[in-house]
Amino acid sequence: MKLNMNMSMEHPFYDIAVIGGGLTGLTAAIYAAGAGRSVILLEKDSRLGGLAQTARIGGALFNYGPRAMYEGSAALRILDELGCKPSLGSGTKNAMYGILDGKLIHATEELNPEEQTEWSTLMGSLNRIDPEPVRSISMKEWALGHVRSDRVRQFFYAMCRQWAYDDDMKRLSAGYVLEQGQLASQGVRYVLGGWQTVIDSLQREAVRAGVVIAAGAEAAQIVHEQGTVTGILLSEGTLLRTGSIIAAAGPHAVSKWLKGSGLHSHSLDAWREHAHPLYVSCLDVALKQVPHPDRAFVLGLDEPFYYSNHSAAIPLTEDGSQVIHVMTYHGSSPSRDPELVLGRLKERLEAIQPGWEREAAVVRFSPNLLAAHASRPALRSGDAPAPGPAVPEIRGLYVAGDWVGREGRLADTAMTSAKLAGLTAAGID
């Protein structure tokens, strides 16, 4: 059920309180409630979903930047298990274009016959590579040892960037990136109706499972007695009593909730220090007509750039307009000049779709979006900073998100850790 925070709490005590109402928090809450525990989910905003929300603007559906699911991914397996698997469109099969020196090129035409053979062999053998032995070496080290041609290596790095949402080939775990490439090769699927349909489905399942959803409830502090969590102090002063807490948020937010409570976790300090969040900036547009509809997928070959026309795979507007996502990767350092970034993205879009501004029905720029709470460096063998949900020094405190656990990236890691957190907090091994 949904709870209005202006009303009295329905129960004075909940077995488990989940902080965060996005994919992670909803998943954790459903599994915990399914194990027979009383569960309340706290979300500071009035609407659930976080970065998985979908906005309808001028008749067009916009996710927060380009979002897709891999066929065979952990996220799809969990959604299917919960009865919440969304309707999916297909990925695009169009030829790959590239941006090189600011100009659009047909990617494979830039390769000579020998390079084309190496490129085809590399991509064709991707699924036969065992990623485990190379998780502790960098993507650059692996590529230098396995790709002879500088131009083919440049093309391969472009693919690696979009698999990992990261541009730092010197730090990225080769095994982690190759594993994501193998998943991508199984099929990239787009969500019909936008990712909000996934959130709405999870919310309905949470309510059905008995989860109390408190929208507009902001956590301010984790309360404890002798190192065991006993409750959450909300920003408006309400004290919510609970036996366990699942924090479905980033490591900095969890540290903030602990601050002032007398609680301290050396583990959490270390996880936060090694998180290195990843940022992107996105230009999302709806074009009444696309000047060159064959140009559905473009990667930057000498810069961290991504372009995709998701409407080539699924309908995202009411009038047949095309929704296009243009993105650049910032790594762990947000851009200090969003206007400069916007100008560059517009220039690249003009190179791909000349005259696009005359066709623009909706334009939205989102600078410095948090793409992930943690990078996946070779120094950690491609693992997320936190090995699992339990915070060792604090009884009853669990964490979940894309920075917890080993499996996959983004939604895959978030939902896998959320399932484990929900079951562990409920006492299910």
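Serine 381 lies in the loop between strand 19 and strand 20 (397-399). This is a predicted model. Phi of serine 381 is near 55 degrees, a positive value in a residue that is not glycine. Its relative accessible area is 26%, so serine 381 counts as partly exposed.

Tyrosine 165 also has a positive phi, of about 60 degrees, although it is not a glycine. This residue sits in the loop between helix 5 and helix 6 (174-185). Tyrosine 165 has a relative accessible area of 12%, under the 20% cut-off, and is therefore buried.

Strand 19 leads into the seven-stranded sheet. The sheet is open, its pairing is mixed, and the strand order is 9-8-16-17-18-15-19. Which strands stand at its edges? They are strand 9 (103-106) and strand 19 (360-372). Each has a single partner strand, so one side of each is left without a neighbour in the sheet. On average, neighbouring strands are turned by 20 degrees against each other, direction ignored.

Start at the strand 9 edge. Strand 8 (residues 97-100) pairs with strand 9 in the antiparallel sense, over four bridges. Tyrosine 97 has histidine 106 of strand 9 as its bridge partner.

Helix 5 (residues 150-164) packs on this sheet. It touches strand 8, strand 15 (278-287), strand 16 (297-300), strand 17 (305-309) and strand 18 (322-331). The direction of helix 5 makes about 110 degrees with that of strand 16. Helix 10 (residues 338-352) lies across strand 8, strand 9, strand 15, strand 16, strand 17, strand 18 and strand 19. Helix 10 runs at about 50 degrees to strand 15.

Now follow strand 18. How many of its 10 residues are buried? Nine are, so the strand is mostly covered by the definition of burial as under 20% relative accessible area. Strand 18 pairs with strand 15 in the antiparallel sense, over nine bridges. There, valine 285 has isoleucine 324 of strand 18 as its bridge partner. Strand 17 runs antiparallel to strand 18, and five bridges join the two. In this pair, phenylalanine 305 is bridged to threonine 328 of strand 18.

A three-stranded sheet comes next. It is open and antiparallel, with the order 6-10-7. Strand 6 (69-70) and strand 7 (88-89) stand at the edges. Each has a single partner strand, so one side of each lacks a neighbour in the sheet. Two bridges pair strand 6 with strand 10 (residues 188-191) in the antiparallel sense. Tyrosine 70 stands opposite valine 188 of strand 10.

What empty space remains inside? Rolling a probe the size of a water molecule over the atoms shows where empty space is left. A search of the whole structure finds two cavities of 30 Å³ or more. The largest cavity holds about 80 Å³ of space. Its lining includes Ala164, Asp166, Leu172, Tyr176 and Leu278. Ala372, Ala374, Ser375, Arg376, Asp402, Arg409 and Leu410 also line this cavity. By class, the lining has seven nonpolar, one polar and four charged residues.

The second largest cavity holds about 30 Å³ of space. Asn63, Arg67, Tyr190, Val191, His310, Ile314 and Leu316 line this cavity. These residues divide into four nonpolar, two polar and one charged.

How values were computed: Residues numbered from 1 in each chain as written. Predicted model: local features only at pLDDT ≥ 70, side-chain atom pairs only at ≥ 80, totals over all residues. Heavy atoms only, no water. 1 Å grid on protein atoms, 1.4 Å probe; cavity = no way out; pocket = protein on both sides within 12 Å on 5 of 7 lines; lining within 4 Å. Points joined across faces, edges and corners; volume = space filled by probe spheres on them. Nonpolar A, V, L, I, M, F, W, Y, C, P; charged D, E, K, R; others polar. Pairing = 2+ DSSP bridges. Axes fitted to C-alpha atoms, helices over the stretch in contact; angles between N-to-C directions. Contact = heavy atoms within 4.5 Å. Buried < 20%, exposed > 50% of the residue type's maximum accessible area, 1.4 Å probe, protein only.
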